[in-house]
Amino acid sequence: MSCADLRFAMRRGQVEQVELHGLRCCGYSAWIVDRTGRRAAFADGGRTIWSDQGSLKRLLRGCGVREVYWCQPVSHDEMIGRPSCLEAELGLRLPLYADD
């Protein structure tokens with residue numbers, strides 16, 4: 001989903017949530033979940049992975065997103081070889097501020 005598509009979907013109230021994912025050793029990505037449950041990767045000019053969280057959050061805010069659902073599919077413990085949690089991480093809703 002492009003920036004223009006996301007802006008349009010936000011204005012029409014079609015977006016259920018925006019997920020911000022921390023990726024193992026390579027950066028961050030965002031996924032758009034619409035009201036029907038369909039998921040689409042957020043892309044800006046074909047770019048789907050950002051090396052820093054701040055620029056991705058600023059771009060999403062510019063598209064009208066006011067909060068993201070932070071998801072980290074792999075915990076820090078799993079990255080360094082500790083056993084993972086038995087229950088899946090539910091994530092965390094984070095507001096996007098003008099200075100993000």
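**Exercise 1. Packing of helix α1**

Task: In this predicted model, determine which elements the buried residues of α1 pack against.

Solution. The buried residues of α1 pack against β1, β2 (27-34) and α2 (53-62). The next step is to name these residues: within helix α1, which spans residues 3-11, they are C3, L6 and A9. Viewed along the axis of α1, the buried residues fall within an arc of 130°, so they line one face of the helix. The last step is to turn to the face of α1 directed away from the buried side, where the exposed residues A4 and R11 are found. Just after α1 comes G13, with a positive phi of about 70°.

**Exercise 2. The environment of H21**

Task: State where H21 lies, decide whether H21 is buried or exposed, and identify the residue whose side chain is joined to that of H21 by a polar contact.

Solution. H21 belongs to strand β1, which covers residues 15-23. The relative accessible area of H21 is 12%. Because the limit for a buried residue is under 20%, H21 is classed as buried. The side chain of H21 is joined to that of E19 by a polar contact of 3.0 Å.

**Exercise 3. Strand pairing around β4**

Task: Establish in which sense, parallel or antiparallel, β4 pairs with β1 and with β5, and give a bridge partner for L20 and for E67.

Solution. Consider β1 and β4 (residues 67-71): these strands pair in the parallel sense, over three bridges. L20 has W70 in β4 as its bridge partner. Next, consider β4 and β5 (residues 92-95): here the pairing is antiparallel, over four bridges. E67 has P95 in β5 as its bridge partner.

**Exercise 4. A40 and its contacts**

Task: Locate A40, classify its accessibility, and list what A40 contacts once neighbours within four places in sequence are left aside.

Solution. A40 is part of strand β3, made up of residues 39-41. Its relative accessibility is 25%. Because the buried class lies under 20% and the exposed class over 50%, A40 counts as partly exposed. With neighbours within four places in sequence left aside, A40 is in contact with M1, A30, W31 and I32. For M1, the separation can be stated in two ways: M1 and A40 are 39 residues apart in sequence, while their C-alpha atoms are 6.0 Å apart in space.

Key. Residues numbered from 1 in each chain as written. Predicted model: local features only at pLDDT ≥ 70, side-chain atom pairs only at ≥ 80, totals over all residues. Heavy atoms only, no water. Helix = DSSP H or I, 4+ residues; strand = E, 2+ residues; numbered from the N terminus. Buried < 20%, exposed > 50% of the residue type's maximum accessible area, 1.4 Å probe, protein only. Polar contact = N/O pair within 3.5 Å; in protein donor to acceptor, adjacent residues only side chain to side chain. Arc of directions from axis to C-beta. Contact = heavy atoms within 4.5 Å. Pairing = 2+ DSSP bridges.
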